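Visitor: Before we look at the details, could you take me through this chain and show me how each label is earned?
Guide: Gladly; let us begin with the picture itself.

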Amino acid sequence: MKANIVLLPGDGVGPEIVAEAAKALKAVATRFGHDFAMTEHPVGGAAHDLCGDCLPDATLAACKAADAVLLGAVGGPKWDTLPPEKRPERRALLTLRSELGLFANLRPAKVWDALKGASPLKDEIVARGIDILIVRELTGGAYFGKKGRSADRTSAYDVTPYSTHEIERVARIAFEAARRRHGRAVAPQPGRAVAPRPGRAVAPRPPKVTSVDKANVLETSRLWRETVTALHAAEYADVELEHMYVDNAAMQLVRDPARFDVILTENMFGDILSDEASQITGSIGMLPSASLGAAKGGLYEPIHGSAPDIAGKGIANPLATILSAALMLRHAVGLAAEADAVEQAVSDVLASGVRTADIASPSGASSAISTSEMGDAIQAALSGF
Ligand code: NAD
C-alpha cells in the first residue's frame with residue numbers, strides 16, 4: 001500500500017521523538033511491503049523562526065493533501081511572549097484541528113504489563129488490567145459556545161450547545177473504535193468467532209461503550225443520551241452500551257478502571273476524564289492520541305508537550321509518538337495488523353527491560369537508554385532481529 005504521511009516535528013523534543021517514529025514506520029514498510037512517502041514540514045515555534053508563522057501555508061496545504069499527519073509537539077518558553085493568536089499552541093494546533101475538520105479526540109490509556117509499577121493505583125486494581133480508549137468530542141460544548149459577562153461584570157455564562165449531528169458523528173467513531181478493538185471491522189455475523197487484538201492487557205470481552213454524561217441535571221446531556229441510545233439501537237446493537245454520570249465515571253476510573261473499554265463523552269467532561277485516565281497509567285511519555293474527522297486521515301500526536309526541560313539531551317521517551325504512529329496506521333491508513341505489530345514491538349521491548357529515564361525504576365535509572373536507542377530497539381523488534 002502507498003501512503004503519503006506528513007511529519008511535523010515541531011519544537012523541543014518534537015524532532016527527537018518524531019525521528020524515532022519515522023524509523024518505526026520505515027521498519028513497518030519494509031516488513032509488510034508498503035510504500036510510505038514521509039515528508040517533513042515546519043510547524044510551531046520552529047516555523048515561526050523560519051518564516052514568522054507557526055503554521056505556514058505550505059505546511060497546512062501538505063497536511064490537507066496527506067493521508068495522515070504525525071506531530072511531535074509545539075511550543076516552549078522562547079515563543080511564550082508572542083501575541084496569543086500567534087503562539088504555537090493556538091496558531092498551529094487549533095488551526096490545524098479546525099482546518100482538518102477534526103471533531104473527535106481518541107486517547108488510549110493503557111497500563112503496559114511491564115510498567116504496572118508506574119501506576120499510582122493499588123496493585124490489586126492494576127492487576128485487573130487497564131486498557132481504556134477515551135473518545136472525546138472536540139469542537140462543541142461549553143468551550144465553543146457563546147460566552148460573556150453581565151454589564152456590571154458580576155455574573156458570567158458559558159453556553160453548552162450540542163446538536164444531534166455533532167453527537168451522532170462522534171458516537172459513531174466510538175462504536176466503530178470499540179468494534180475495531182475487538183477485531184471487528186464491521187458488525188459481526190451471528191455465530192462468527194471474533195479474533196482478540198494481540199497484546200491486549202485484558203481478557204477478550206465483547207466491545208463495550210460507556211457513554212458519559214450528566215443527564216440527571218443537564219439538557220444537553222439528555223439529548224446526548226437519547227441520541228447515543230438511538231444510534232446504538234439502529235446500527236451498533238452488537239456493541240454493549242452503558243450510560244454513566246460523569247461524577248461516577250471519575251470515581252470508577254480510579255476505583256475499577258478494568259470495567260471500561262471505550263468511554264465516549266462530550267468536550268469538557270472528556271478533557272477532565274482523559275487527563276485523569278492518563279495519570280492512572282503513570283507515564284506521560286507512553287500515551288498517544290489521535291484526532292479524527294469525517295474525512296480519512298487525521299492528526300496523530302503524543303499527549304505530552306515539547307518538554308523543553310529535556311529537549312536536546314537525547315533522553316525523551318519516543319514511545320508515545322511511536323504508539324501515535326500505530327494509531328495512525330490503524331485509523332488513517334487502515335493497516336490494523338501493522339498497528340498491532342508496532343504495539344507488540346513496544347510491549348516486547350518493555351518486557352525485555354529496556355527503559356528510557358522517565359520509565360526506569362529509580363534504582364535502574366543509571367542504565368536508562370537514550371531516545372534513539374529506544375527507537376533502535378523498536379525498529380529491531382519490528383524487523384524481527
Ligand atoms: P510537557 O508535557 O512538555 O512536560 C511535562 C513534564 O513531562 C516535563 O517534566 C517533561 O520533561 C516530561 N515529559 C514530557 N514528555 C516526555 C517524554 N516524551 N519523555 C520524557 N519526559 C517527558 O508539558 P509542559 O512542560 O507543561 O509544556 C511544555 C511546552 O509544551 C509548553 O510550551 C506547552 O504549551 C507545550 N504543549 C504542547 C502540546 C502539544 O504540542 N500538543 C501539548 C501540551 C503542552
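**How the labels are earned**

Guide: In this predicted model, 17 residues of domain 1 are in contact with 16 residues of domain 2. A pair is counted as in contact if the C-beta atoms, placed from the backbone, lie within 7 Å.

Visitor: Which elements give two or more residues to the side of domain 1 that touches domain 2?
Guide: They are β4 (102–110), β11 (288–293) and α11 (336–351), and β4 gives the most, with five residues. By residue type, that side of domain 1 divides into 10 nonpolar, four polar and three charged.

Visitor: Where do the two domains lie along the chain, and what distance separates their centres?
Guide: Domain 1 is made of 1–106 + 284–385, while domain 2 covers 120–281; taken over C-alpha atoms, their centres are separated by 24 Å.

Visitor: Why are β2 and β9 described as standing at the edges?
Guide: The open sheet has 10 strands in the order β2-β1-β3-β12-β11-β4-β5-β10-β8-β9, with mixed pairing. β2 (35–40) and β9 (240–245) each have a single partner strand, so one side of each is left without a neighbour in the sheet. From one strand to the next, the twist averages 25°.

Visitor: What makes β8 and β9 a pair of strands?
Guide: Pairing asks for at least two bridges found by DSSP, and six bridges join strand β8 (residues 208–213) to β9, the two running parallel. One of the bridge partners to look for is Leu241 in β9, which is matched with Val209.

Visitor: How do you know that β12 is paired with β3 and with β11?
Guide: The cut-off is again at least two bridges. Two bridges join strand β3 (residues 68–73) to β12, in parallel, with Leu70 having Tyr300 of β12 as its bridge partner. Four bridges join β11 to β12, which run antiparallel, and here the bridge partner of Pro288 is Pro302 in β12. Within the hairpin of β11 and β12, which has five residues between the strands, Gly297 takes a positive phi near 105°. As for the side chains of strand β12 (residues 299–302), Leu299 and Glu301 point one way and Tyr300 and Pro302 the other way, and all of these are buried.

Visitor: How do you know that the span of helix α10 agrees with its number of residues?
Guide: Helix α10 (residues 319–331) has 13 residues, which at 1.5 Å a residue should span 18 Å, and its end C-alpha atoms are 18 Å apart, so the two values agree.

Visitor: Why is α10 called largely enclosed by the rest of the structure?
Guide: A residue is buried if 20 or more other C-beta atoms lie within 10 Å of its own. In α10, 13 of the 13 residues are buried, and the helix is therefore largely enclosed by the rest of the structure.

Visitor: Is His165 buried or exposed, and what about Asp348?
Guide: The cut-off for exposed is 12 or fewer other C-beta atoms within 10 Å; His165, in helix α6 (residues 164–181), has 9 and is therefore exposed. Asp348, which lies in helix α11, has 17 other C-beta atoms within 10 Å and is therefore partly exposed.

Visitor: How far apart in space are His165 and Leu327, and how far apart are Asp348 and Ala381?
Guide: His165 and Leu327 are 162 residues apart in sequence and 25 Å apart in space, C-alpha to C-alpha, whereas Asp348 and Ala381, 33 residues apart in sequence, are 7.5 Å apart in space, again C-alpha to C-alpha.

Key
Residues are numbered from 1 along each chain as its sequence is written. This is a predicted model: local features need pLDDT of at least 70, side-chain atom pairs count only at pLDDT 80 or more; totals for chains, interfaces and linings use all residues. The expected span of a helix is 1.5 Å times one less than its number of residues. Domain bounds come from an automatic or database domain assignment. Two residues are in contact if their C-beta atoms, placed from the backbone, lie within 7 Å. Ala, Val, Leu, Ile, Met, Phe, Trp, Tyr, Cys and Pro count as nonpolar, Asp, Glu, Lys and Arg as charged, and the others, Gly among them, as polar. Axes are lines fitted to C-alpha atoms, for helices over the stretch in contact, and angles run from 0 to 180 degrees between N-to-C directions.
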